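Work through the exercises below with the structure in view. Try each task before reading its solution.

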Amino acid sequence: MEGVVKTCSKCGAEKSINEFETDNRQKSGKGSNCLECKRERGRAYAASNKERMKEYKRLYRLNSENREKINKAERERLKKPVSARKRKESRSKYLQTEKGMATIVRNRLNWYENNPQKRIRYYRLGSQSLSDWYIRQLLLNQDYPKELVNNEDFIEVKRLIIKTKRLCKTLVNCEQV
Ligand SMILES: [Zn+2]
């Protein structure tokens with residue numbers, strides 16, 4: 001591509017092909033305008049949009065200034081919790097799919113390989129505190145169905161079972177207390 005020259009259809013300047021905008025619809029992969037003209041186009045678009053938005057806002061305030069204030073505050077209030085909840089929902093839905101489950105397993109195996117020392121420490125810490133992470137690992141290792149591995153209530157139940165088992169052990173084996 002080096003050394004190839006092209007004429008910009010907008011400003012008429014002859015420039016190196018590297019100074020032209022990318023356009024994958026074209027066979028050459030380059031558009032008909034140079035990068036400088038492309039930037040100019042972007043600036044003009046932003047400027048005209050800004051004016052339009054300004055005008056729109058002005059008319060809106062003119063009609064119902066108070067309502068706009070209330071609506072805006074309401075939107076801000078609703079924005080964050082809703083998007084956070086939706087993100088969580090779509091993630092947990094994804095994790096229940098075959099693809100999501102495969103991703104978990106793949107990430108887990110990669111992590112094991114890359115962090116052998118951390119793995120041992122995490123396991124020890126997780127085993128002490130019975131963290132969700134640790135219980136999930138146990139369930140995955142014991143081939144529980146994915147619905148249960150991702151079920152918070154089931155994890156809680158499993159945690160209670162482990163606690164109970166440990167407690168029983170300490171009651172029978174006094175030297176472990
Ligand atoms: Zn140009």
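Four exercises follow, each with a worked solution.

This is a predicted model, in which local features need pLDDT of at least 70, side-chain atom pairs count only at pLDDT 80 or more, and totals for chains, interfaces and linings use all residues. Residues are numbered from 1 along each chain as its sequence is written.

**Exercise 1. Lay out the chain and its confidence.**

Start with the elements. The protein chain has six helices and four strands; helices (H or I, at least four residues) and strands (E, at least two) are DSSP runs, numbered from the N terminus. From that end, the order is β-β-β-β-α-α-α-α-α-α.

Next, take burial. Of the 177 residues, 5% count as buried. A residue is buried if 20 or more other C-beta atoms lie within 10 Å of its own, exposed if 12 or fewer, and partly exposed in between, with C-beta atoms placed from the backbone.

Last, check pLDDT, the predictor's confidence in each residue, from 0 to 100. The chain's mean is 83, and 87% of its residues reach 70 or more. Confidence is lowest in helix α1 (residues 35-95), at a mean of 76, and highest in strand β2 (residues 14-16), at 94.

**Exercise 2. Place V4: is V4 buried or exposed?**

Locate V4 in the segment before β1 (5-7). Then count its surroundings: V4 has 11 other C-beta atoms within 10 Å, so V4 is exposed. Now look along the sequence to S16, twelve residues away. In space, the two C-alpha atoms are 5.8 Å apart.

**Exercise 3. Compare the span of α3 with its expected value.**

The expected span of a helix is 1.5 Å times one less than its number of residues. Helix α3 (residues 116-129) has 14 residues. From first C-alpha to last, α3 reaches 20 Å, close to the expected 20 Å. None of its residues is buried, so α3 lies largely in the open. Just after α3, L130 takes a positive phi of about 50°.

**Exercise 4. Describe how α4 packs on α6.**

First, α6 (residues 152-172): two of its 21 residues are buried, so α6 lies largely in the open.

Second, the geometry. Helix α4 (residues 132-141) and α6 pack at about 90°, with axes 10 Å apart. That makes α4 roughly perpendicular to α6, a label for angles of 65 to 115 degrees.

Third, the contact (C-beta atoms, placed from the backbone, within 7 Å). D132, I135, R136 and L139 of α4 meet I155, K158 and R159 of α6.

Definitions and conventions
Axes fitted to C-alpha atoms, helices over the stretch in contact; angles between N-to-C directions. Parallel < 35°, antiparallel > 145°, perpendicular 65-115°, else oblique. Contact = placed C-beta atoms within 7 Å.
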